[in-house]
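Grab a pencil and work through these exercises on the fold shown below. Each one has a task, followed by a solution in steps.

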Amino acid sequence: MIVRLTVQDRAPTTFQELRALLQQRLPELADGQQRIARLVLDDPEGTAFRSIGRSAELAGVHRSSLVRFATMLGLPGYPALVELCRRQLAAEAYLVRRPAGAPPPSSNDEFFTAITEYDTNNLTRTFARIDRDDWDRAVETLASASSVHIIGLRRCLSVAYLADHLLRMIRPRVRQLGASARLLTDELRDIEPGDAFVAVSIRRYSSDTVRAVEYARRRGATTIALTDDPSSPLARIADLTFYVETGSVTVLRSLTAFTGLVHALVTAVGLRLESVGADTDILDDQLFE
């Protein structure tokens with residue numbers, strides 16, 4: 001099956017338009033088309049510089065499938081799709097390259113160097129990819145929402161806990177959902193229009209997190225996703241999405257950039273509310289006493 005894609009009867013002219021189109025139509029694409037779309041979404045840098053043969057190999061399709069994929073987007077051919085990816089990289093020339101394919105560290109010195117490089121690159125790429133308008137909207141949403149609900153399951157549980165803990169220090173009516181999976185259904189009942197709903201998930205994505213975001217949107221909450229790739233199901237359904245790099249020297253993915261992003265976001269909310277300062281530390285000291 002071949003799905004015809006259109007963007008208001010015209011081909012995408014920027015990578016942002018291409019990304020939005022593929023995110024919207026990803027679920028209805030055929031298997032081979034989905035693999036191509038995910039390759040473009042998750043690795044535009046690689047797509048910009050790989051040969052068509054190598055991209056076809058990674059997607060598990062024939063080279064001609066990449067050509068057909070580009071033309072069904074309304075582009076004149078596969079080189080035009082590559083050009084959109086290259087323009088995106090040129091606009092973000094300050095991004096560092098991911099240290100892909102490097103051999104595993106063979107000594108403690110190499111290990112600490114590799115960990116430092118990966119996490120430094122993860123932070124740099126994460127913050128460089130933030131859309132400033134989306135950032136401002138997220139800060140305003142978290143500052144003004146009636147209540148803030150936060151969910152992150154499995155590997156992302158600690159990130160959700162950190163966001164919950166920090167936000168509680170600067171504003172009322174913040175709560176973490178899903179700490180006990182058996183209570184999640186009951187916790188979702190309290191979501192109301194005007195609330196904010198923050199979801200954290202990385203591949204393999206938690207189906208409970210995805211369904212919770214869908215429910216929160218139906219309830220009228222503004223949804224904010226912190227996730228790893230543009231092909232993430234959260235990116236298709238959340239009102240605002242921030243992409244976080246999770247590269248690591250092993251299969252254990254790094255959450256360092258998630259921690260940095262959460263800290264920066266909550267700090268911005270605190271500054272917006274004028275609730276971050278010496279008074280916060282004084283109150284904490286009094287509570288500990």
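The protein's secondary structure comes to 14 helices and 5 strands; helices (H or I, at least four residues) and strands (E, at least two) are DSSP runs, numbered from the N terminus. This is a predicted model, where local features need pLDDT of at least 70, side-chain atom pairs count only at pLDDT 80 or more, and totals for chains, interfaces and linings use all residues. Residues are numbered from 1 along each chain as its sequence is written, and side-chain values use heavy atoms, with hydrogens and water left out.

**Exercise 1: the sheet**

Work out the strand order of the sheet, and say which strands sit at its edges.

Step 1. The sheet is open, has 5 strands in the order 2-1-3-4-5, and its pairing is parallel. Two strands count as paired if DSSP finds at least two bridges between them.

Step 2. Strand 2 and strand 5 are the edge strands, since each pairs on one side only. From one strand to the next, the twist averages 15 degrees.

Step 3. Now look at the pairs towards the two edges. Strand 1 (residues 148-152) and strand 2 (residues 174-177) pair in the parallel sense over 4 bridges, and Ile151 stands opposite Leu177 in strand 2. Strand 4 (residues 222-227) and strand 5 also pair in the parallel sense over 4 bridges, with Ile224 opposite Leu240 in strand 5.

Step 4. Some background helps here: strands of a sheet pair through backbone hydrogen bonds, either parallel or antiparallel.

**Exercise 2: what is covered**

Decide which residues of strand 1 point one way and which the other, then check whether Thr241 is buried or exposed.

Step 1. Buried means under 20% relative accessible area, exposed over 50%, and partly exposed in between (1.4 Å probe, protein chains only). Across the protein, buried residues make up 49% of the 289 residues.

Step 2. In strand 1, 5 of its 5 residues are buried. Val148, Ile150 and Gly152 point one way, while His149 and Ile151 point the other way. In a regular strand, the side chains alternate between the two faces of the sheet.

Step 3. Thr241 is found in strand 5 (residues 240-243). Its relative accessible area is 14%, so Thr241 is buried.

Step 4. Leaving out residues up to four places away in sequence, Thr241 touches Ala225, Thr227, Leu234 and Ala235. Contact here means heavy atoms within 4.5 Å.

**Exercise 3: helices on helices and on the sheet**

Classify how helix 7 packs on helix 13, and how helix 4 packs on helix 5.

Step 1. Helix 7 (residues 108-128) and helix 13 (residues 256-273) have axes 8 Å apart and pack at an angle of about 45 degrees. Axes are lines fitted to C-alpha atoms, for helices over the stretch in contact, and angles run from 0 to 180 degrees between N-to-C directions.

Step 2. Angles under 35 degrees count as roughly parallel, over 145 as roughly antiparallel, 65 to 115 as roughly perpendicular, and the rest as oblique. Helix 7 and helix 13 are therefore oblique to each other.

Step 3. Asp119, Asn122, Leu123, Thr126 and Phe127 of helix 7 meet Thr256, Ala257, Gly260, Leu261 and Ala264 of helix 13. Sorted by type, the residues of this contact are 5 nonpolar, 4 polar and 1 charged. For the sorting, Ala, Val, Leu, Ile, Met, Phe, Trp, Tyr, Cys and Pro count as nonpolar, Asp, Glu, Lys and Arg as charged, and the others, Gly among them, as polar.

Step 4. The axes of helix 4 (residues 52-59) and helix 5 (residues 63-72) come within 8 Å and cross at roughly 95 degrees. That makes helix 4 roughly perpendicular to helix 5.

Step 5. Turning to the sheet, helix 13 lies across strand 3, strand 4 and strand 5, at about 145 degrees to strand 4.

**Exercise 4: unusual backbone**

Find where a cis peptide bond sits, and which loop holds Arg154.

Step 1. Most residues other than glycine have a negative phi, and most peptide bonds are trans.

Step 2. The cis peptide bond joins Arg203 and Arg204, with omega about 5 degrees. Arg204 is found in the loop between strand 3 and helix 11 (207-218).

Step 3. Arg154 lies in the loop between strand 1 and helix 9; its phi is positive, near 55 degrees. With a relative accessible area of 57%, Arg154 is exposed.
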